[in-house]
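Thanks for coming. Please have the sequence and the model open while I talk.

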Amino acid sequence: MAFEDLLEDPVIQKYLHELVGPKGMPVAAAPPDGEVTDEELAEELDLELNDVRRALFILYENDLASYRRLRDEDSGWLTYLWTFQYDNIPENLEEEMYRLHDSLVERREYEATHEFYLCEVDSIRFEFGEAMEFGFECPECGSALESLDNDRLVDAMDRRIGELRDELNIEPEEVDVEV
Ligand SMILES: [Zn+2]
């Protein structure tokens, strides 16, 4: 995929945004072809050098940018020449989605196999065992704890898990959870 197509994808924009944050987004959203220095980027994008460096380093940590160092023979100064490697984005994203899928499946199991009680005053949720220990009274305010139906939460998780499986082409049989 070309850089331009990648960057128009809202999923990829969101992914980059989560990585580098709003201040780093101008850097992440405008990957130049070829090598570029942090100073050049800061000037071009009218950003603080520190914000540019921070964004570049995050991209580097996520295998989306690499650099090589050049030493100026006269001054001894080091220059970092950065290259963006956005070819790795689809693979990274897929890994993220697998991680999300797995943690959702785990969370769903927890939700589906536990009973919960709620203090409606404080909006605090307790597991059955905790609620029992407190005599089904909220330890904060003393109100009676009400049994909490989390079926809708579990349903919402099932839907999200289903969507992720569609996107990742995971067969439902591959995971031992009933959806
Ligand atoms: Zn309470």
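I will go through the salt bridges and then one histidine.

Keep in mind that this is a predicted model. Everything I quote is computed from it.

Start with the count. The model has ten salt bridges. I will take three of them in turn.

The first on my list joins the side chains of Asp38 and Arg53, with 2.7 Å from N to O. The two residues are 15 apart and the bridge links distant parts of the chain: Asp38 belongs to helix 3, residues 38-45, and Arg53 to helix 4, residues 49-61. Now look at how much of each residue can be reached from outside. Asp38 has a relative accessible area of 5%, so it is buried, the cut-off for buried being under 20%. Arg53 is at 38% and therefore counts as partly exposed. There is also a third member here: Asp38, Glu39 and Arg53 form a network of salt bridges.

Next, helix 5. Where do Glu111 and Arg107 sit relative to each other? Both are in helix 5, which covers residues 89-113, and they are four residues apart, about one turn of the helix. Their side chains form a salt bridge at 2.9 Å, N to O. Glu111 has a relative accessibility of 1%, so it counts as buried. Arg107, at 39%, is partly exposed.

Then there is the pair Glu109 and Arg108. Their side chains also meet in a salt bridge, here at 3.6 Å from N to O. Which of the two is buried? Arg108 is, because its relative accessibility is 11%. Glu109 comes out at 32% and so counts as partly exposed. In this pair, then, the arginine is the buried partner, while in the previous pair it was the glutamate, Glu111.

Last, the histidine. His17 lies in helix 2, which runs over residues 10-29. Is His17 buried, exposed or partly exposed? Its relative accessibility is 37%, so it counts as partly exposed. Setting aside neighbours within four places in sequence, His17 touches Pro22 and Met25. For a sense of scale, take Asp151, 134 residues away from His17 along the chain: the C-alpha atoms of the two are separated by 32 Å.

To recap, the Asp38 and Arg53 bridge connects helix 3 with helix 4, and the Glu111 and Arg107 bridge stays within helix 5. That is all I have.

Note on methods: Residues are numbered from 1 along each chain as its sequence is written. This is a predicted model: local features need pLDDT of at least 70, side-chain atom pairs count only at pLDDT 80 or more; totals for chains, interfaces and linings use all residues. Side-chain values use heavy atoms; hydrogens and water are left out. Buried means under 20% relative accessible area, exposed over 50%, partly exposed in between (1.4 Å probe, protein chains only). Contact means heavy atoms within 4.5 Å. A salt bridge is a side-chain nitrogen of Lys or Arg within 4 Å of a carboxyl oxygen of Asp or Glu.
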